[in-house]
Amino acid sequence: MPEDEKICAAFFRVKSYAFNVLRYLIPQKLEGEITFGLEDPAQTGKILGWLAMGIPLYGDHLDINPDFTGKAFEGHILIAGRIRRYKILRLLWKIYKDKDLIKQKDRVISIIGG
């Protein structure tokens, strides 16, 4: 296997490790309602646009209501879940035991010149 393919394979393993960490840390239950507004309706619209990008994360579980008439910030949010230490420790152990990943890291650092 050529070296570039080894680096690509290591990159995809790091990506899967990062995805697993996020999966372990994301809450299992999220629900709530938020009402917000600023003095300038254009600024309220900008913030609403930024919050809309998070819809894939919170979906139908969080209601966001903009108030274009004036300043406002109120609401309630319930976040529940568990962070299980053994899963994170097991993942860290897998990363530690992945010797090829360490070799590729050293190779990438030598290529970059760090």
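## Exercises on a predicted model

I26, P27, Q28, K29, L30, L57, Y58 and H61 form the lining of the largest pocket. The model is predicted.

**Exercise 1.** Find which elements give two or more residues to the lining of the largest pocket, and sort its residues by class.

*Solution.*
- Start with the elements. Strand 1 (29-37) and helix 3 (55-58) each give two or more residues to this lining.
- Take K29 and L30 from the list of lining residues. Strand 1 covers 29-37.
- Take L57 and Y58 next. Helix 3 covers 55-58.
- Now sort by class. The lining has five nonpolar residues, two polar and one charged.
- Finish with the space. The largest pocket holds about 190 Å³.

**Exercise 2.** Work out the strand order of the sheet, and state which strands are at the edges.

*Solution.*
- The sheet is open, with three strands in the order 2-1-3.
- Strand 2 (62-66) and strand 3 (72-80) are the edge strands, each pairing on one side only.
- Neighbouring strands are turned by 5 degrees against each other on average, direction ignored.
- Now check the sense of each pair. Strand 1 runs antiparallel to strand 3, over nine bridges.
- Strand 1 pairs with strand 2 in the parallel sense, over five bridges.
- The pairing in this sheet is therefore mixed, as one pair is antiparallel and the other parallel.

**Exercise 3.** Name the residues that stand opposite G32, E33 and I34.

*Solution.*
- G32 has I77 of strand 3 as its bridge partner.
- E33 has H76, also in strand 3, as its bridge partner.
- For I34, look to strand 2, where I64 stands opposite.
- A general point helps in reading side chains here: along a regular strand they alternate between the two faces of the sheet.

**Exercise 4.** Which strands does helix 2 touch, and how does the span of helix 5 compare with the expected 20 Å?

*Solution.*
- Helix 2 (residues 41-52) packs on the sheet and touches strand 1 and strand 2.
- Its direction makes about 165 degrees with that of strand 1.
- Helix 5 (residues 99-112) has 14 residues.
- From first C-alpha to last, helix 5 reaches 20 Å, close to the 20 Å expected at 1.5 Å a residue.
- Just after helix 5 comes G113, with a positive phi of about 100 degrees.

Note on methods. Residues are numbered from 1 along each chain as its sequence is written. This is a predicted model: local features need pLDDT of at least 70, side-chain atom pairs count only at pLDDT 80 or more; totals for chains, interfaces and linings use all residues. Side-chain values use heavy atoms; hydrogens and water are left out. On a 1 Å grid over the protein atoms alone, a cavity is a set of points where a 1.4 Å probe fits but cannot get out, and a pocket is an open set with protein on both sides within 12 Å along at least five of seven lines; lining residues have an atom within 4 Å of a point. Grid points are joined across faces, edges and corners, and a volume is the space filled by probe spheres set on the points. Helices (H or I, at least four residues) and strands (E, at least two) are DSSP runs, numbered from the N terminus. Ala, Val, Leu, Ile, Met, Phe, Trp, Tyr, Cys and Pro count as nonpolar, Asp, Glu, Lys and Arg as charged, and the others, Gly among them, as polar. Two strands pair if DSSP finds at least two bridges between them. Axes are lines fitted to C-alpha atoms, for helices over the stretch in contact, and angles run from 0 to 180 degrees between N-to-C directions. Contact means heavy atoms within 4.5 Å. The expected span of a helix is 1.5 Å times one less than its number of residues.
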